[in-house]
Amino acid sequence: MADFSIRMKNRLQFSSCEAPHIPTSKPHRETLIVELRGDLLTITERRADGGLGSRIYAQRAIDLLEASIFTILPELPSHVRDGSFFPALGTVAILATPPDELRRLRAVGTDKNSGQCHGWIFDAIEQAGPGSNRS
């Protein structure tokens, strides 16, 4: 999978830490900026005011015909400094699509950033059209 930078519409659902793949909340819509540079994937929240929020980092784990799989990093890579880093554990899949089709991202993760363990599920699809930053 080649490097890219895209905006995605995400359907976020929360879950429990015991079964993070099973949603426990209604979907919440949000926008993400997803970038792949080499083997490092970043997923950044784009706030309603247009600013950028927290950022998840993930390392490429395996490429399959159907998807590229990434492991969410609980710590920043040693060569990266980022005040927006959001430590978490989990897995991200970028589903393989033909070049003219929109990318899809699926992720399941957990974090303890609020002091309690929370689970969450991302189901995001690339945004097309005006304002898209596909590269």
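Buried means under 20% relative accessible area, exposed means over 50%, and partly exposed lies in between, using a 1.4 Å probe and protein chains only. Keep that scale at hand for the exercises below.

This is a predicted model, in which local features need pLDDT of at least 70 and side-chain atom pairs count only at pLDDT 80 or more, while totals for chains, interfaces and linings use all residues. Residues are numbered from 1 along each chain as its sequence is written, and side-chain values use heavy atoms, with hydrogens and water left out.

**Exercise 1. Place His79 and state whether it is buried or exposed.**

Step 1: Locate the residue. His79 sits in the loop between strand 5 (67–72) and strand 6 (89–95). Strands here are DSSP runs of E with at least two residues, numbered from the N terminus.

Step 2: Apply the scale. The relative accessible area of His79 is 65%, so His79 is exposed.

Step 3: Add a distance. From His79 to Arg103 is 24 residues in sequence and 28 Å in space, C-alpha to C-alpha.

**Exercise 2. Find the disulfide and describe what it ties together.**

Step 1: Recall the chemistry. A disulfide is a covalent bond between the sulfur atoms of two cysteines.

Step 2: Apply the cut-off. With a disulfide taken as a pair of cysteine sulfur atoms within 2.5 Å, the count is one disulfide. Cys17 and Cys117 form it, with S to S at 1.6 Å.

Step 3: Place both ends. Cys17 is in the loop between strand 1 (4–15) and strand 2 (28–37), and Cys117 is in the loop between strand 7 (104–111) and strand 8 (118–126), so the pair ties together parts 100 residues apart in sequence.

Step 4: Read the handedness and exposure. The S-S torsion of Cys17 and Cys117 is about -95°, so this disulfide is left-handed. Cys17, at 22% relative accessible area, is partly exposed, and Cys117 is partly exposed at 36%.

**Exercise 3. Trace the pairing from strand 8 through strand 1 to strand 4.**

Step 1: Start at strand 1. Two strands pair if DSSP finds at least two bridges between them. Strand 1 pairs antiparallel with strand 8 over six bridges, where Met8 has Glu126 as its bridge partner. Strand 1 also pairs antiparallel with strand 2, over nine bridges; there Leu12 is matched with His28.

Step 2: Go on to strand 3 (40–46). Strand 2 and strand 3 run antiparallel and are joined by seven bridges. Their hairpin has two residues between the strands, and Gly38 in the turn has a positive phi of about 65°.

Step 3: Finish at strand 4 (52–63). Six bridges link strand 3 and strand 4, again antiparallel, with Leu41 opposite Ala58.

Step 4: Check the burial. Nine of the 12 residues of strand 1 are buried, as are five of the seven residues of strand 3.

**Exercise 4. Which backbone atoms does the side chain of Ser15 reach?**

Step 1: Place Ser15. This residue belongs to strand 1 and is buried at 8% relative accessibility.

Step 2: List the polar contacts (pairs of N or O atoms within 3.5 Å; within protein, one must be able to donate a hydrogen and the other to accept it, and residues adjacent in sequence count only if both atoms are side-chain atoms). The Ser15 side chain reaches the backbone oxygen of Pro20 at 2.8 Å and the backbone nitrogen of Trp120 at 3.1 Å.

How values were computed:
Helices (H or I, at least four residues) and strands (E, at least two) are DSSP runs, numbered from the N terminus.
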